[in-house]
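Here are some notes for a colleague who is opening this model for the first time. They deal with charged side-chain pairs and with pockets, and are best read with the structure in view.

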Amino acid sequence: MEHDLLATSWTWAGDEPISERVHAVGAAGFAGLSLSLDDLHEVRATTGFAELRRMLDGAGIVWVQLGPLDRWWTCTSRADDDAADRGVVLEAAAALRAWQVIARADTTLPGASPITMADDWTVLADQAAAVGAQLVLEPEPWSNLPTIERASRFVVAAGHPNGGLLLDAMHTLRGGSTLASIRQAVAPATLAAVELSDGLLHTPTGMTLSEEAREARYLPGAGTWDLPGLVRTVRELGFDEPWGVEVRTPGHRAMPIGDALRTAAAATRAVLDAADAYGAPAAPAMPSSPAPTSAVDFEPPHPRTDPRGRTHWGSHRPAGRRDADTGTPA
């Protein structure tokens, strides 16, 4: 079965010129990529976004994610740099025909109350919709929305049709979620993006969770997590394509970028093939305890058409979304 893969910014990071890295992403078989704020600022100051879009088209890239944005909510720590980041992301989203813009939860201490962030989320979701991109929230275990279940409730309560949720395998599992809690407590209509990586059963000794996220994101299938089970679970919730690939280890960074990307793509396709196969893993390492009592009600899935013209059921296609091949409103 064919699967669209998206290389996250860490997976294709490197010292090579961005044109070489974009070419390597496409040559390795990825159909999408995410661009970090550093890359976006560099491109804006040098080649420009129109030239980058030509690079992406030449490499066969149809899915484009941007971000993540930080401090998008009203807070005393928000600075001019945060406004500049928002501006460059929205400008790039329009020029690159971006699929999604990623926003982080609050990782400061004590952290904002999610209730106070809802109005700012609505404003940002409107701004993303105006440039044809969907806004997706990425919860992290060390943030004010530490679990995928809480983040789903936030998106549901905010109620914006252009708001969605990014499920990062490492953040989700280290946040204490299980396959059962994801299945029962994540509203299907909110699930808009999934990122796959692998890890050990426990955070390595001597590492914090955030350090593990930066330095110990193993190739899918190279750790102990039941990633095929996770893939089947999010498919049950209606998500399907593209599959984000988030790999970051010293060994991965030391490889030539083309080799690193081909290895990451092959490993991820093996996990997806296992999820496609009949049956379940003989001894899944991931816990399967009952869902928390705070589970939310399910929402019905909705059909959407992806940039390749295929119909999927699940996360909605945002209003005003541009066709990834022609740039015309879809």
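**Notes on salt bridges and pockets**

1. With a relative accessibility of 34%, D259 counts as partly exposed, because that value falls between the 20% and 50% cut-offs. This, like everything below, is computed from a predicted model. D259 forms a salt bridge with R262, and their closest N and O atoms are 2.5 Å apart. R262 is likewise partly exposed, at a relative accessible area of 44%. Both D259 and R262 belong to helix α12 (residues 257-276), where they sit three residues apart, or about one turn of the helix.

2. A contrasting setting is that of D168 and R217, whose salt bridge has its closest N and O atoms 3.2 Å apart. D168 lies in strand β6 (residues 163-168), whereas R217 is in the loop between α9 (209-215) and α10 (227-236), so the bridge ties together parts that are 49 residues apart in sequence. D168 counts as buried at 1% relative accessibility, and R217 also counts as buried at 1%.

3. The side chains of E140 and R104 also meet in a salt bridge, with an N to O distance of 3.1 Å. This pair links distant parts of the chain, since E140 is in the loop between β5 (134-138) and α6 (148-158) while R104 is in strand β4 (residues 100-104), 36 residues away. E140, at 6% relative accessibility, counts as buried. Both residues are part of a wider network of salt bridges that links D70, R71, D82, R104 and E140. The count for the model comes to 17 salt bridges.

4. R104 deserves a second look when turning to the largest pocket, as R104 is listed with S9, W10, G67 and P68 as lying nearest the centre of that pocket, out of 26 lining residues. The volume of the largest pocket is about 640 Å³. At least two lining residues come from each of α2 (37-45), β3 (63-69), β4 and α9. By class, this lining holds eleven charged, eight polar and seven nonpolar residues.

5. The second largest pocket has a volume of about 170 Å³, and its lining includes W10, D15, E16, R248, H252 and A260. Two or more residues of this lining come from each of α11 (250-254) and α12. The lining of the second largest pocket divides into five nonpolar, four charged and three polar residues. W10 can be used as a landmark when comparing the two sites, for W10 is among the residues nearest the centre of the largest pocket and also lines the second largest pocket.

Key. Residues numbered from 1 in each chain as written. Predicted model: local features only at pLDDT ≥ 70, side-chain atom pairs only at ≥ 80, totals over all residues. Heavy atoms only, no water. Salt bridge = Lys/Arg side-chain N within 4 Å of Asp/Glu carboxyl O. Helix = DSSP H or I, 4+ residues; strand = E, 2+ residues; numbered from the N terminus. Buried < 20%, exposed > 50% of the residue type's maximum accessible area, 1.4 Å probe, protein only. 1 Å grid on protein atoms, 1.4 Å probe; cavity = no way out; pocket = protein on both sides within 12 Å on 5 of 7 lines; lining within 4 Å. Points joined across faces, edges and corners; volume = space filled by probe spheres on them. Nonpolar A, V, L, I, M, F, W, Y, C, P; charged D, E, K, R; others polar.
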